[in-house]
Amino acid sequence: MKKVCIGSGSGFWGDLLEPALEMAEKGDVQYIGFDHLAELTMAILNRMKTKNPELGYIQDIIPWMKKLLPISVPKGIKTITNAGGANPLQAAKEVKKIIQELKLGPMKIGVVYGDDILPYMDEIRAQGWKFKNLDTGEEDIDRIRKDIVAANAYIGADLIIEELGKGADLVITGRVSDNALYVGPLMYEFGWDYSEKYIDRIAAAVTVGHIIECSACVTGGMSNMWQVSERPWDIGFPIAEFYENGEAVITKTPGSGGIVNPWTVKEHLLYEIIDPANYMMPDGIADFTALRLIEEGMNRVRVTNMRGKKRPDTLKVCIGYRDGFIGEGLAFFPWPDALEKAKWAEQWVRERFKRLGVKFEELRIDYMGVNMLHGEAAPIEDKDFNEVGLRIAAKAKTKEEAEIVRREATHLWTMGPIGVSFGIPLDVRPVVALWPSLVPREAVRVESTTMEVNG
Amino acid sequence: MAKIQLKELAFARSGDKGDVSNIGLMAKSKNIYDFLVKAITPERVKEHFKGMIKGGVEIYPVSNLESLEIILRRSLGGGATCTLRFDQTGKSMGQALLRMEVQADEALLKEAEATDKEILSRYSPVNRSNG
C-alpha cells in the first residue's frame, strides 16, 4: 500500500532547528512542514513590511534554509513552509538566492499568497458581510476599524496542491493554516480532491496534521510523560507515516530523544481545540471521537478509524487591532515575612497610583511563588515563605500611562520594605488585540506562482 | 469512598484559543473515565476556579480517548496578546484543575496507581531502547 512520510520541522517561530536537520538527515521522510506563524506574528510581520517592503517574512528561514536545503534537496525531501508570512514573494526571492549560492538547482519554488484581506476587507463588507467577533459576539468591526493592523484568512491546501502538481520542490506560503502544510502534500500524493468520496481521508489528514503540527508537543514536550522522556535535550520531532487507506503511524526521527506513546498523542489530540467532534480546518472538519490509538511498538502509535465532514464554506480570519499598551513591574522580597512585605508593597503602589491620578483600563497584581499561576483556585499556604515576588501589570490607553507602572515598580526598589531585590526593568509593550472572525471562502483572493531557479 | 484529588486519577494539559482556556483531562483508566464523566460538571469546574472564569464552561466527553475536553470561556484575560496574566496562554490551568477533590471509590485510586506504575516501568528510558 502506498504510504507518504511527512514530518514537522517547526511548530512556531523560534522553534529548535536541530531536530529538523536531524529529521532530514535520518528520517525517512518525503516532506517536512514548517509552521512559523502564530496569531500575533502576522501583525508584527505586517508592521515590518510597512517599514520596509523587502521584509515582512520570517527572516529566520534564511539561516535555516542554508542549513536544511543542502541536506534535504539531494534526498528529494520537499519543504512546505508558511514562513512567507506577510511577504511570501520576497521570502521566495531570498530562498532563490540561497539555492543559487549553494548550487542546488534547478529547482522550482511554489509561492502561495493572497491570504491578506486587509486591502479589500471593506469591499467584502460593502457586499453585506459582517466580521462578527466569534469570542465576544460583537456584530461587526466598526468600533475597531481604524485600529486594524492585520487581517489574514487561514487559507487551505488548494494552492499548495496546485504548486506541487506543477513540480514545486519547495512551497512558501503566507497565512496558510498550519494544518494545510500537512494536508496539502498528502492530498497531492494520493490524488485526492475535495469531493464527497475523499471526505474521511481528508479528515484523517487534518487529524494527523493536528497531531504533528506543533513539533515537540507530541514527542514529549509539554507532556505528562516528562519524567519518562528519553534524553529530552535531544528531543526529536514527529513524523507521520500516512497510508493510502487513511490510517497513519505517528513516530519520530529514529535515534532521537523524547517519547511518542498513546498518552502524548492523546494529549495533543485534545490540545487547543473546542469541540472534539468538529475540529474545523479550511480543508475539512475532523471528528476525533471515533478514532482509535494502537501502540505498535516503542515510539510508534497507529491511528485508525479517522473520519470527518466536508470543508466549511467560510474561512477563519484573524483580525489584529491596536489596543493600548501594557506596563509591567517586578520586585522580589526575601524571608522573613516575605508575603507580608509583598502585601505592604502592593498597598504602596496602589496608593502611588491614586496620588498620580492614573486610571488604568485594567490592573493586575500577583504574588509570584504564591498565587500567580493558580490564582483563586489555590489556597494560600500558611507559612513563612523563603521569597515572594510582586508582579504589577496594567493596561493603559497611552504609552505614557503604561510607563507609570514601570516607574513606580522601580521606586519600590528604594522605597519599599527591607531587602527588596530586583532585575532589569521590563519595556512597555504595545498591545495588538485579536478579533477572530469568519470570511466567505470565495471572497478571499488567493493566488500562487511558480518561481524557477536555474542550476 | 474517599476524598481524592484529581491529580491522582487523571492527567491534564491545557492551552488557549483566544480568550478560551481548554483543558484535556485524561483518565488513567476506563472506570475512572466513567466516574469522571458524571463527577466533573460545568458547575463544579466553574466553582473550583472561583472568579477566574468569566464566561461559561462546556464539557465534551471523548469516550474513545477516555478523556474530557473542558472549555473555559472568557478565562484568559482577553486572550494571549492582550492579557495581563503572566501565564498568557493558560498552560497552568490544567494543573490547577487537578487540585479539585472528588468523592470516589478507593478502587479507582488503585487503578490509577497501577497506570502510573506501568508508565514508569514501560517507558522509563533505562527500560527501553530507542530504535
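This text leads through a predicted model with chains A and B, from the surface the chains share to some unusual points of the backbone. Because the model is predicted, local features are reported only at pLDDT of at least 70 and side-chain atom pairs only at pLDDT 80 or more, while totals for chains, interfaces and linings use all residues. Residues are numbered from 1 along each chain as its sequence is written, chains are lettered from A in the order in which they are written, and side-chain values use heavy atoms, with hydrogens and water left out.

The meeting of the two chains is a good place to begin. Chain A brings 60 residues to the contact and chain B brings 51 residues, where contact means heavy atoms within 4.5 Å. The size of an interface is often given as the accessible area lost when the parts come together. Here the area buried between chain A and chain B is about 4900 Å², and carbon and sulfur atoms give 59% of that area; buried area is the accessible area (1.4 Å probe) that two parts lose on being put together, summed over both. On the side of chain A, the residues that lose the most area to chain B are A:Trp263, A:Leu270 and A:Ile274, which together make up 14% of what that side buries.

Across this interface there are two salt bridges, a salt bridge being a side-chain nitrogen of Lys or Arg within 4 Å of a carboxyl oxygen of Asp or Glu. In one salt bridge, the side chains of A:Glu272 and B:Lys91 meet at 3.6 Å, N to O. As for the elements involved, α9(A) gives the most to the side of chain A that touches chain B, with six residues. Helices (H or I, at least four residues) and strands (E, at least two) are DSSP runs, numbered from the N terminus.

Helix α9 of chain A, residues 262-269, deserves a look in its own right. Eight of its eight residues are buried, among them A:Trp263, A:Lys266 and A:Glu267; buried means under 20% relative accessible area, exposed over 50%, and partly exposed in between (1.4 Å probe, protein chains only). At the N-terminal end of this helix A:Asn261 acts as a cap, with a side-chain oxygen 2.9 Å from the backbone nitrogen of A:Trp263.

Elsewhere in chain A, A:Gly327 is found in strand β14 and counts as buried, with 0% relative accessibility. Its C-alpha atom is separated by 6.8 Å from that of A:Arg429, although the two residues are 102 residues apart along the chain. Beyond its neighbours within four places in sequence, A:Gly327 is in contact with residues including A:Ile392, A:Ala402 and A:Val428.

The backbone also has some features to point out. Most residues other than glycine have a negative phi, and most peptide bonds are trans. A cis peptide bond nevertheless joins A:Gly105 and A:Pro106, with omega about 0°, and A:Pro106 is found in the loop between α4 and β4 of chain A. Another cis peptide bond joins A:Trp335 and A:Pro336, with omega about -5°. A positive phi, near 30°, is seen at A:Arg231, which is partly exposed at 30% relative accessibility, and B:Arg74 has a positive phi near 45°.

Finally, a search of the whole structure finds zero disulfides over all chains, a disulfide being a pair of cysteine sulfur atoms within 2.5 Å. For A:Cys318 the closest cysteine sulfur, in B:Cys82, is 11 Å away, so it is too far for a bond.

Key:
Polar contact = N/O pair within 3.5 Å; in protein donor to acceptor, adjacent residues only side chain to side chain.
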